[in-house]
Each structure stands twice: as C-alpha cells, then as structure tokens.
Amino acid sequence: MQQLTYTAPHELQWRDAPDPTLGSDDAALVRPRAVATCDLDALIISGISPFRPPFPLGHECVAEVVEIGDRVSGLQPGRLVSVPFQISCGQCEPCRRGRTGNCTGVPWMSTYGFGPSVERWGGFLSDLVCVPYAEHMLVPLPDGVEAAAVASASDNMSDAWRTVGPALAEDPGAPVLVVGGAGPGSIGLYAAALAVALSAESVQYVDASLERRELAEAVGATTLAETPERLGPFPITVDSSASPEGLALALRSTAPDGVCTSTGIYFGEQPSLPLLEMYIKGITFKTGRVHARAAMPEVLQLAAAGALHPELITTRITPWADAAAALVEPGWTKLVIER
Ligand SMILES: [Zn+2]
Ligand SMILES: [Zn+2]
C-alpha cells in the first residue's frame, strides 16, 4: 500500500509499505476517508518538533471499516468510524477511568502518525490502518455527520473539549476566555466553538491572527487582537497559545477558584508561572496530553446535535492525491484530506 511519509523538513513522499494485517481477533482494518491535520503536524513538517524523520504521517481521521477480527461484534465492514490517535486497550485501570492516553496495555505514548512507536502503528495518510482493540477504540460516526467535518475528533477537537467541557459541566453558563494561536491554531478555535456549543454565557478569544479571529467570530466568540496583562476575570480560561505571554494572560485572567487548562506544548524554554497570584486566588492549572478516546463521543454528539459546527474551522479540503503538496504549503489552520 501507499503511505505518506515525512522524510525531511518541508518534504513528504508517498512510499510503498506492506499492507497491515489484523494480527488479532480483536482488531480491525480501516481505510481512512477524511484525514485532518493536527496542529502538531505543522511543527513536525517544519522540522521544529522533537520527532525526527522518516515516519508515516497523519493521526486524525474518519475511516471506513474494511475487515474485522472474529471477536469484533459491534462493527461491520462499510461503517464509518472516528479513530483515536492514541492506541488504548479499554481494559486496563487507566482506560477504565477514562485515562486512555496513559493506557498500560500498550507501550507508553503509542500513537499513530508520530511518537516513539509510530513505526509499529503507522499513520492515517495510508491506504489501510490496523486498529487493535477495535470495539473499544473505534467510535461509529453518528448519523447526519459529515466525515470531513469531524475528522479532527480523533485529537484536536477532543483536546479542545477537555478544556471547557468538564469545567462548564461544573459551572454551567460560566464565561470563558480562550487564548489561541499555537501553531496553525485550530485547538483554540475548537475550544471557543465548544464553549459556545456548551452554552457559555460569553466566549472571549484572543489571537494576533486576523484570519483566526474571523473564524472565532464565525463560531460565536468575541475577539481581541492584543495580549494585555489581564482580562476578565473568567471562571474558565484556556491557554492554546504555546506562548509564555499567552499562558500568563490566561492564568492572570482566571477568577478566584477558577480553572485554567493549557493545551500548549512548551518544547523549549519553560515559561514562568504567576504562582503567587495563582496561590492567592486558588487557581487550578491543568496541562497534559488529552485522553482522546474518552472525549471523542462528546464532540461527535455535539456535532450530530447541530450545536457544534466544526466545519467552520476547516480552512481547506483537498483531494487525497494532492496531500503531499497541500501539507507543505503554509497557511492552513485546518486542512482536511479526503477521498
Ligand atoms: Zn495531534
Ligand atoms: Zn488500556
């Protein structure tokens, strides 16, 4: 089969790879139909992530089930499914507690499309992908949801959901601040869209990019171009900036006893935190990798209900054959590759 491979900074090649096999009665083979870019893909392709080439790319997709193992009963070939980027078993203690990103049934940080075990699992820009623990891993697409619209449910949409979903369930209607801008910036935009979908009283989105501010306004947020020292305060804040100034703004703008969640990845120098202010106000700060499988049904249901319109964040849809050229072309916020 053909597999799109990241071979050098700004360079992608279609390479031949052996067809994956089921390998287990619990597995399924799927054919990706709509693959979305993760914000991390832009950093990988530019060569500024810690992940060195070559490796197969792509870790967000909606796929069609092609073949199932004998013990997979809830899925049939032809079914469209959302595929989590992290591999998880569904049976270990972390999985049972919804902490599927830290599954102990597979090597740590087992993911498609990047990471220490990428050669074993492959990437989604491939003709076929093997999904172990298929009945647990694969989430059937709800009726009426377009594959391209929710291709990012595998990772970025779910990553955004965990920044506002649990906090708004705890504090219904609370106003939300999102500081966006990390990489291509889709996670912050999804966070804004999800806060609107989950009936936040107001959603303020901060980003220097005019294009992303327009997308945030399209999903119902009010926007600000500058990064002041503080705003609000807001009971719920989100740092999707991956910039020390953006993180500081989110933390200083968090109301007493509020919660600030950061999806930003700080690869280089570690930003300093306003710890005294956080202490005095009693702020909860959350960071860490998303547990994607646990969050995916939430975002898919919001899309199916018409409350969330993730297609508004998609900046380009491109045919499968043009994937390599489209991915190295700068400027996408959310690129979806479809066949
Ligand atoms: Zn990702
Ligand atoms: Zn597990």
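Pro-54 is found in the loop that lies between helix H1 and strand E4, where helices (H or I, at least four residues) and strands (E, at least two) are DSSP runs numbered from the N terminus. The peptide bond leading from Pro-53 into Pro-54 is cis, with omega near 0°. The structure is a predicted model, in which local features need pLDDT of at least 70 and side-chain atom pairs count only at pLDDT 80 or more, while totals for chains, interfaces and linings use all residues. Residues are numbered from 1 along each chain as its sequence is written, and chains are lettered from A and ligands numbered from 1 in the order in which they are written.

A second cis peptide bond joins Gly-232 and Pro-233, with omega at about 20°, and Pro-233 sits in the loop between E11 and strand E12 (234-239). Another backbone feature appears at Met-109, whose phi is near 60°, a positive value in a residue other than glycine; Met-109 belongs to the loop between helix H2 (93-96) and helix H3 (118-121).

Turning to the protein as a whole, its secondary structure comes to 11 helices and 16 strands. The radius of gyration is 19 Å, close to the 20 Å that the globule rule gives for 339 residues, so the protein is as compact as a globular protein of that length; here the radius is taken over C-alpha atoms, and the globule rule is 2.2 Å times the number of residues to the power 0.38. Taken along the principal axes, the C-alpha atoms fill a box of roughly 55 × 40 × 35 Å.

The domain assignment divides the protein into domain 1 (2-155 + 291-338) and domain 2 (156-286), with bounds that come from an automatic or database domain assignment. The C-alpha centres of domain 1 and domain 2 lie 26 Å apart. Across the boundary, 26 residues of domain 1 are in contact with 23 residues of domain 2, two residues being in contact if their C-beta atoms, placed from the backbone, lie within 7 Å. On the side of domain 1 that touches domain 2, helix H1 (39-46) and helix H10 (292-304) each supply at least two residues, and H10 gives the most, with 6 residues. By class, this side of domain 1 has 17 nonpolar, 4 polar and 5 charged residues, where Ala, Val, Leu, Ile, Met, Phe, Trp, Tyr, Cys and Pro count as nonpolar, Asp, Glu, Lys and Arg as charged, and the others, Gly among them, as polar.

Helix H10 also meets helix H5 (residues 156-170), and the axes of the two come within 8 Å and cross at roughly 80°; axes are lines fitted to C-alpha atoms, for helices over the stretch in contact, and angles run from 0 to 180 degrees between N-to-C directions. That crossing makes H5 roughly perpendicular to H10, since angles of 65 to 115 degrees count as roughly perpendicular, those under 35 as roughly parallel, those over 145 as roughly antiparallel and the rest as oblique. Met-157, Ser-158, Trp-161, Arg-162 and Gly-165 in H5 meet Ala-292, Ala-295, Met-296, Glu-298 and Val-299 in H10. The residues of this contact divide into 6 nonpolar, 2 polar and 2 charged.

The strands can be followed next, with two strands said to pair if DSSP finds at least two bridges between them. In one open sheet, 6 strands stand in the order E11-E10-E9-E12-E13-E14, and their pairing is parallel. Its edge strands are strand E11 (222-224) and strand E14 (284-286), each of which pairs on one side only. Strand E10 (residues 203-206) pairs with E11 in the parallel sense over 3 bridges, and Val-206 has Leu-224 as its bridge partner in E11.

Another open sheet has 3 strands in the order E2-E1-E4, with antiparallel pairing. Strand E2 (11-16) and strand E4 (55-56) stand at its edges, each with a single partner strand, so one side of each is left without a neighbour in the sheet. Strand E1 (residues 2-8) pairs with E2 in the antiparallel sense over 6 bridges, and the partner of Ala-8 in E2 is Glu-11.

Finally, strand E16 (residues 335-338) is joined by 3 bridges to strand E3 (residues 28-36), and these two run antiparallel, with Ile-337 in E16 as the bridge partner of Val-35. Strand E15 (residues 316-319) is joined to E16 by 4 bridges and runs parallel to E16.
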